[in-house]
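Biologist: Please take a close look at the interior of this model, and tell me what surrounds any enclosed space you find there. I would also like to know how far the surrounding model can be trusted.

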Amino acid sequence: MALQPIDNALPLVPPERPNKQAKVAVPMAKKQQPDLGAVNDENQAPFPPLPSSGDAVIDYIPSEELTALPHPGSKIQSLMEGLESKDWTTICEWLNTARRFALFHADLMIPMLERVVLVLVKAMKNPRSALCKTSIMASSDMFKAYGDKLLLEGTDSDAFNQLLLQLLFKASQDKKFVCKEAGKALNSMVASLTPLPLLHRLRGYVTHSNLRVRAKAAVSISSCVSKLGLERMKEFGLGTLIEMAADLLNDKLPEAREAARSTVVSIYRAITEDEEEEEQKQESWHKFCEGSLPPKHIHSITKIVASQ
């Protein structure tokens, strides 16, 4: 076949390039930040870490460095408004003011005691560690100032129970500076409140599903029992006390087991206080244990006393 002249060939047409589409600017959705005053429920997933604020510096003021307020009568009118602010740094400032009221002008804050306690509970649940710690420090000062008044007995309020649970949770946390402060608050609570009514509030937490909460409750119970005489122990229930201790002796955490042993020793000393001879003490103790405990617990309980 003869070759055709190249001039008669079809012209090469370059493939069409697709037209560029115009870029449309799509506004970025604003990243929603959690409300600083919102509650971080213990049963919900925690908020992601919040960016640190370079402008916010929180002073953790020791109780002994707090001073009286110059005009407490007028200042008290703004207390709840300040404590319920949406700004967490403002809440911290007013929590320190509440501490000063508790330590130097306690009577002025009594009418709003329940509301202040609920603010403490909410602040302890907040993801801001600084706010959490400040509220725990406030609870310590309020225990010292108000004692049994914080139990709010005679009312249907469960504010104290909520506060107690949060302190047990915070004392069980991995954040050391929060954990340590919560431990101090629990010690202040035990030192300031009458042991018997406090013991009634604590008893439910020795069966809590959280191991650490259980252990912290056991420690506080042990401290309460050590302050009770025999008559008050009977009022609470000697059988209930020794059963509670026996169950904690098998707990997974050493802290709970040690607290249980301490409780057993306190009960033993109260029961045998009037006995002069060691033989009489052991006889009274064995008789009590046999009448109060199932056989599986008797040996472990009596062994604790024998080692004293």
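Modeller: Helices (H or I, at least four residues) and strands (E, at least two) are DSSP runs, numbered from the N terminus. This is a predicted model, in which local features need pLDDT of at least 70 and side-chain atom pairs count only at pLDDT 80 or more, whereas totals for chains, interfaces and linings use all residues. Residues are numbered from 1 along each chain as its sequence is written, and side-chain values use heavy atoms, with hydrogens and water left out.

When the whole structure is searched, 1 cavity of 30 Å³ or more is found (points on a 1 Å grid over the protein atoms alone where a 1.4 Å probe fits but cannot get out). The volume of the largest cavity is about 50 Å³, counted as the space filled by probe spheres set on points joined across faces, edges and corners. Its lining (residues with an atom within 4 Å of a point) consists of Ala218, Ile221, Ser222, Leu241, Met244, Ala245, Leu248, Ala259, Ala260 and Thr263. Helix H10 (211-226), helix H12 (238-248) and helix H13 (254-271) are the elements that each give two or more residues to this lining, and H12 contributes the most, with 4 residues. Sorted by class, the lining of the largest cavity holds 8 nonpolar residues, 2 polar ones and no charged ones; here Ala, Val, Leu, Ile, Met, Phe, Trp, Tyr, Cys and Pro count as nonpolar, Asp, Glu, Lys and Arg as charged, and the others, Gly among them, as polar.

The cavity belongs to a protein chain with 15 helices and 0 strands. Of the 308 residues in the protein chain, 44% are buried (under 20% relative accessible area with a 1.4 Å probe and protein chains only; exposed is over 50%, partly exposed in between). Among the contacts (heavy atoms within 4.5 Å) with a separation of 6 or more, 71% are between residues 24 or more positions apart.

Met137, in helix H6, gives one example of such packing. At 9% relative accessibility Met137 counts as buried, and, leaving aside residues up to four places away in sequence, Met137 touches Tyr60, Ile61, Arg99 and Glu181. The C-alpha atoms of Met137 and Lys184 are 8.6 Å apart, although these residues are separated by 47 residues along the chain. Leu152 lies in the loop between helix H6 (129-146) and helix H7 (159-171); Leu152 has a phi near 55°, a positive value in a residue other than glycine, and at 14% relative accessibility Leu152 also counts as buried. Phe104, by contrast, is found in helix H3 (residues 88-104) and is partly exposed, with a relative accessible area of 41%. With residues up to four places away left out, Phe104 touches Leu66, Thr67 and Ala68.

As for trust, pLDDT (the predictor's confidence in each residue, from 0 to 100) averages 86 over the protein chain, and 81% of the residues score at least 70. Among the elements, helix H15 (residues 295-306) has the lowest mean pLDDT, 86, and helix H4 (residues 106-109) the highest, 98. Over residues 5-15 the pLDDT is below 50, and this stretch has 0 contacts in the model beyond near neighbours in sequence. Residues 42-55 also stay under 50, with 15 contacts beyond four places in sequence. Where pLDDT is low, the predicted coordinates should not be read in detail.

Terms used: On a 1 Å grid over the protein atoms alone, a cavity is a set of points where a 1.4 Å probe fits but cannot get out, and a pocket is an open set with protein on both sides within 12 Å along at least five of seven lines; lining residues have an atom within 4 Å of a point.
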